[in-house]
Amino acid sequence: MTTQGRDLSRRGLLFGGAAVGAGVLLAGCTSNETAPTAAQTKAAPAGGNNEPGKKVTIGFSAPAADHGWIAAITNNAKAQAAAYPDVELKTVEAGADAAAQRAALSTLISQKPDVIVLLPHDGKELNAFGLEAMKAGIPVVNLDRAFPDAKAYRLQIKGDNYGMGVAAATYITEQLKAKGVSNPVIAEIAGMDELELTQERSKGFADTLAQAGLKVANRRAARFTADSGQQEAAQLLQALPKLDALWNHDDDQGIGVLAAVAQANRKEFFMVGGAGSKKAIEDIQADRTVLKATVTYSPSMASSAISLARLIGQGKGLSDLVELQVPKEIVLASETITKENAGDYLKLGF
């Protein structure tokens with residue numbers, strides 16, 4: 001297997017303290033300026049598809065970096081593009097909402113890049129842009145927030161949102177069983193409810209709990225930010241004087257969740273996070289908070305999207321696949337990070 005193939009396979013791309021004040025915890029939020037780690041991007045070694053070829057201009061757009069995961073998406077994309085001498089990356093501002101992003105992207109179409117890579121504000125609302133670009137002969141690589149129409153993209157790469165819920169619920173049920181907890185009180189703090197990815201995560205969580213005869217006692221939706229996480233967690237903890245397990249969908253908003261937990265001086269439950277931020281992995285490894293695990297949803301997908309967009313622009317396929325073209329759908333598996341394996345995943349934290 002080539003170096004590129006090993007990297008893609010590793011990422012699952014081949015088809016597949018109580019006394020700490022809230023202000024201190026919130027100050028630990030992932031920096032939007034953190035550079036990607038070597039493991040989040042992939043240098044272009046000599047040989048095979050990595051040999052310089054036809055120059056490819058890639059247009060790129062993602063929402064403004066309002067939290068660490070989104071910031072990592074953009075940083076990873078830029079770093080990956082810089083690894084290739086035959087790639088030129090043209091970025092356009094996404095604006096404050098889907099309408100502003102579509103307007104900016106429409107100007108990008110007029111510049112006629114070879115490929116467009118974007119993380120939309122909302123996949124459903126940007127679907128029409130995908131159709132427009134594809135009709136204009138510009139392949140679209142869609143990240144994370146899915147387009148409903150398969151004709152709106154050449155490649156769609158995202159994390160396994162349903163699988164995140166499955167992984168979180170599986171860990172929780174196993175831990176509750178091991179602790180001998182009967183009739184457990186389980187809670188959930190989701191992300192933005194209007195997004196399909198949030199709905200998929202919650203469905204995977206509920207379905208898997210139901211298979212074990214369990215259900216969510218209280219569910220609240222935050223906004224993928226530390227402030228919203230703290231607000232929703234404070235209200236949830238007030239509503240539940242007893243709690244056994246909590247799943248928080250996003251490690252960035254988890255900063256706020258943990259701040260609320262510390263303020264309330266609650267220690268009787270354990271928590272599972274989501275995405276795999278560096279701070280969350282460090283906290284799990286140190287075993288110093290109620291956070292005992294997180295399920296991955298890595299922004300390294302942006303690095304892979306740039307590499308695959310380059311291949312699409314050059315008319316190439318993956319060197320380790322028989323097929324001559326890059327696959328149309330790639331879903332990254334969601335893995336569970338615990339104290340036992342946190343050291344292995346720390347390099348991938350954002």
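Reader: At roughly what angle do the axes of helix α3 and helix α11 cross, and within what distance do they come?

Author: First, how to read it: axes are lines fitted to C-alpha atoms, for helices over the stretch in contact, and angles run from 0 to 180 degrees between N-to-C directions. Helices (H or I, at least four residues) and strands (E, at least two) are DSSP runs, numbered from the N terminus. Here, the axes of α3 (residues 68-82) and α11 (residues 301-313) come within 7 Å and cross at roughly 35°. Keep in mind that this is a predicted model, where local features need pLDDT of at least 70, side-chain atom pairs count only at pLDDT 80 or more, and totals for chains, interfaces and linings use all residues. Residues are numbered from 1 along each chain as its sequence is written, and side-chain values use heavy atoms, with hydrogens and water left out.

Reader: Is that crossing left-handed or right-handed?

Author: A crossing is left-handed if the near helix is turned anticlockwise from the far one by less than a right angle, and right-handed if clockwise. For α3 passing α11, the crossing is right-handed.

Reader: Which residues make the contact?

Author: Contact means heavy atoms within 4.5 Å. On the α3 side you'll find Trp69, Ile73, Asn76, Ala77, Gln80 and Ala81, and on the α11 side Met301, Ala302, Ser303, Ile306 and Ser307. To sort them, Ala, Val, Leu, Ile, Met, Phe, Trp, Tyr, Cys and Pro count as nonpolar, Asp, Glu, Lys and Arg as charged, and the others, Gly among them, as polar. That gives 7 nonpolar, 4 polar and no charged residues in the contact of α3 with α11.

Reader: Now the sheets. What is the strand order in the open sheet with parallel pairing?

Author: Two strands pair if DSSP finds at least two bridges between them. This sheet has 6 strands, in the order β2-β1-β3-β4-β5-β11. Its edge strands, β2 (87-91) and β11, each pair on one side only. On average, neighbouring strands are turned by 15° against each other, direction ignored. Both helices from before pack on this sheet: α3 touches β1, β2 and β4, with its direction at about 150° to that of β2. As for α11, it touches β1, β2, β3, β4, β5 and β11, and its direction makes about 165° with that of β5.

Reader: How many bridges join β3 to β1, and how many to β4?

Author: Strand β1 (residues 56-61) runs parallel to β3, with 4 bridges; one partnership puts Phe60 with Val117, and another puts Gly59 with Ile116. Between β3 and β4 (residues 140-143), also parallel, there are 3 bridges, and Leu118 stands opposite Asn142.

Reader: What hand does the β-α-β unit of β3, α5 and β4 have?

Author: A crossover is right-handed if, with the strands pointing away from the viewer, the path from the first strand over the helix to the second runs clockwise. The unit of β3, helix α5 (residues 123-135) and β4 is right-handed.

Reader: Which side chains of β3 are buried?

Author: Buried means under 20% relative accessible area, exposed over 50%, partly exposed in between (1.4 Å probe, protein chains only). In β3 (residues 115-118), both faces are covered: Val115 and Val117 are buried on one side, Ile116 and Leu118 on the other. Compare β11 (residues 329-332), where Ile330 and Leu332 point to one face and are buried, while Glu329 and Val331 point to the other and are not.

Reader: And why does Thr57 count as buried?

Author: Thr57, in strand β1, counts as buried because its relative accessibility is 14%. Leaving out residues up to four places away in sequence, Thr57 touches Glu88, Lys90, Pro113, Asp114 and Val115.

Reader: What order do the strands take in the open sheet with mixed pairing?

Author: Read its 6 strands as β7-β6-β8-β9-β10-β12. Strands β7 (216-221) and β12 (336-338) stand at the edges with a single partner strand each, so one side of each has no neighbour in the sheet. The twist from one strand to the next averages 20°.

Reader: Last one: are Asn183 and Phe224 buried or exposed?

Author: Asn183, in the loop between α6 and β6, counts as exposed because its relative accessibility is 72%. Phe224, in the loop between β7 and α8 (226-239), is buried, with a relative accessible area of 5%. Phi is positive at each of these non-glycine residues: near 50° for Asn183 and near 65° for Phe224.
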